[in-house]
Amino acid sequence: MESFDPTELPELLKLYYRRLFPYPQYYRWLNYGGVVKNYFQNREFSFTLKDDIYIRYQSFNNQSDLEKEMQKMNPYKIDIGAVYSHRPNQHNTVKLGAFQAQEKELVFDIDMTDYDDVRRCCSSADICSKCWTLMTMAMHIIDRALKEDFGFKHRLWVYSGRRGVHCWVCDESVRKLSSAVRSGIVEYLSLVKGGQDVKKKVQLSEKIHPFVPIHEDLQTAFQKSHNSLQRWEHLKRVISTNQNIKSDKCGPWLEWEIMLQYCFPRLDINVSKGINHLLKSPFSVHPKTGRISVPIDLQKVDRFDPFTVPTISSICRELNVISTNEKEKEENETESDIKHRTRDYKRTSLAPYVKVFEQFLENLDKSRKGELLKKS
């Protein structure tokens with residue numbers, strides 16, 4: 001695993017925002033083709049600076065403004081908010097009550113800490129390849145539902161940089177949804193409910209009697225088992241042969257309830273239902289791990305490994321490997337030459353993740369052009 005020294009972060013961020021952040025693609029995403037006037041200009045950004053200084057209601061005229069401010073501020077974290085009725089950086093000058101969040105992508109936040117009651121390998125902010133399987137399953141389940149049950153086309157999945165994943169649903173119609181509709185969607189996708197004090201978090205259609213009579217037998221058998229698969233197979237055998245569990249009192253859903261409680265996605269409902277709720281931006285850097293919040297290729301989601309995600313230290317080091325000749329050449333370049341040179345991120349391990357992002361943007365553009373043709 002790539003080592004990361006947080007004390008180096010300020011200097012690394014300077015290099016990252018100056019030479020590696022994919023500004024053109026980022027602006028292309030949030031500008032949505034410039035179809036709606038002031039769409040990008042009315043978008044809220046928030047920056048978390050060194051020592052947890054938090055600045056909300058940032059907004060920018062264009063890509064150049066965004067670049068200059070990010071290179072000046074070197075934010076430790078970037079969050080994206082809603083598109084407002086007025087420019088967020090002028091919200092104090094607007095008449096009381098007139099400044100309103102109008103649109104935003106439908107977003108989902110899945111955090112590994114919400115699985116602490118069912119994972120035994122890690123807890124809190126720690127993750128490993130074993131419990132990351134829970135995130136892989138969550139992405140499969142939620143993405144299928146968004147695509148097949150709701151018909152949403154443009155879904156961007158992003159690694160949070162530490163212990164979770166985010167999803168941005170960017171269809172034009174979805175960005176206009178009210179809080180009430182967003183709440184309905186996220187409720188539909190939530191089966192696991194209840195806090196730390198609730199042991200049984202999945203309730204299917206019939207009340208199921210807890211399997212108290214078989215508890216001791218299971219404990220004994222589980223201790224003899226070598227892995228979780230053996231324990232699960234044993235539990236299924238017990239359920240199928242025990243008359244008390246199979247009776248009407250218990251209902252037919254015990255096996256499903258256990259599977260769902262352990263494996264079904266656990267969503268942060270508040271993140272999804274609030275239009276003005278902020279969410280960490282793609283390509284932000286996680287200040288604790290140094291990992292970049294990279295887009296995830298859904299075609300290869302089973303192979304996604306959070307431990308191989310580039311860190312800010314690794315990509316800055318890769319950039320510094322450029323030969324002395326190239327550096328000398330750059331020093332002699334004119335400003336126009338610099339603007340036209342190959343983006344530096346393409347020389348680093350960040351490149352394939354930007355490619356995933358570009359493919360997502362291509363699909364968005366095609367869809368938008370198709371809609372414009374229909375209207376014309």
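Helices here are DSSP runs of H or I with at least four residues, strands are E runs of at least two, and both are numbered from the N terminus. On that count, the protein has 15 helices and eight strands. The model is a predicted one.

**Whole chain**

Start with everything shown. The protein has 376 residues, and 46% of them count as buried. Turn on the surface. The accessible area comes to about 20200 Å², with 50% of it belonging to carbon and sulfur atoms. Now draw the contacts with a separation of 6 or more. Residues 24 or more positions apart account for 70% of them.

**Stop 1: helix H3**

Select residues 63-73, which are helix H3. Which residues of H3 are buried? They are Leu-66, Glu-67, Glu-69 and Met-70. Two of these are glutamates, so colour by residue type as well as by burial. The spacing is worth a look: an α-helix has 3.6 residues a turn, so residues three or four places apart point the same way.

Next, show what surrounds the helix. The buried residues of H3 pack against helix H1 (9-20), against H2, and against the strands E1, E2 (53-58) and E3 (77-84).

Then go to the two ends. At the N-terminal end, pick Asn-62. Asn-62 caps H3, with a side-chain oxygen 3.2 Å from the backbone nitrogen of Ser-64. Just after H3, pick Asn-74. Its phi is positive, at about 50°.

**Stop 2: two more positive phi values**

Move to Asn-38, in the loop between H2 and E1. Its phi is near 65°, a positive value in a residue other than glycine. Asn-38 is partly exposed, at 29% relative accessible area.

Now select Asp-51, in the loop between E1 and E2. Phi of Asp-51 is also positive and near 65°, again in a residue other than glycine. Is Asp-51 buried or exposed? Asp-51 is exposed, with a relative accessible area of 65%.

**Stop 3: a nonpolar surface patch**

Return to the loop between helix H2 (23-31) and strand E1 (43-49), and select Val-35. Add Val-36 and Leu-372 to the selection. The three form a nonpolar patch on the surface. Together they offer about 240 Å² of accessible area.

**Stop 4: Lys-280**

Centre on Lys-280, in strand E8 (residues 279-280). This lysine is buried, yet has no salt bridge. How far away is the nearest side chain of opposite charge? That side chain is Asp-79, at 7.7 Å. A salt bridge needs the lysine nitrogen within 4 Å of a carboxyl oxygen, so this pair does not qualify.

What does the side chain of Lys-280 reach instead? Measure to the backbone oxygen of Ser-160: the distance is 2.7 Å. Then measure to the side chain of Ser-293, a polar contact at 3.5 Å.

Now show the wider surroundings. Leaving aside neighbours within four places in sequence, the contacts of Lys-280 include Lys-77, Ile-78 and Asp-79. His-166, Trp-168, Val-285 and His-286 are also among them.

**Stop 5: salt bridges**

The structure holds 18 salt bridges. Visit three pairs and one network.

- Select Arg-119 and Asp-116. Their side chains meet at 2.8 Å, N to O. Arg-119 counts as buried because its relative accessibility is 5%. Asp-116 counts as partly exposed, at 29%.
- Select Asp-143 and Arg-155. This salt bridge spans 2.7 Å, N to O. The pair links distant parts of the chain: Asp-143 is in helix H4 (residues 129-149) and Arg-155 in strand E6 (residues 155-159), 12 residues apart. Asp-143 is buried, at 10% relative accessibility. Arg-155 is buried too, with a relative accessible area of 15%.
- Select Asp-344 and Arg-347. Their closest N and O atoms are 3.4 Å apart. Asp-344 counts as buried, at 2% relative accessibility. Arg-347 is partly exposed, at 34%.
- Finish with Arg-28, Glu-362, Asp-365 and Arg-368. Salt bridges that share partners join these four into one network.

Conventions
Residues are numbered from 1 along each chain as its sequence is written. This is a predicted model: local features need pLDDT of at least 70, side-chain atom pairs count only at pLDDT 80 or more; totals for chains, interfaces and linings use all residues. Side-chain values use heavy atoms; hydrogens and water are left out. Patches are made of residues with over 30% relative accessible area and no salt bridge: like charges are joined within 9 Å, nonpolar side chains (Val, Leu, Ile, Met, Phe, Trp, Tyr) within 5 Å. Accessible areas come from the Shrake-Rupley method with a 1.4 Å probe; for residues, only the protein chains shown count as cover. Buried means under 20% relative accessible area, exposed over 50%, partly exposed in between (1.4 Å probe, protein chains only). Lys and Arg count as positive and Asp and Glu as negative; His and the chain ends are not counted. A polar contact is a pair of N or O atoms within 3.5 Å; within protein, one must be able to donate a hydrogen and the other to accept it, and residues adjacent in sequence count only if both atoms are side-chain atoms. Contact means heavy atoms within 4.5 Å.
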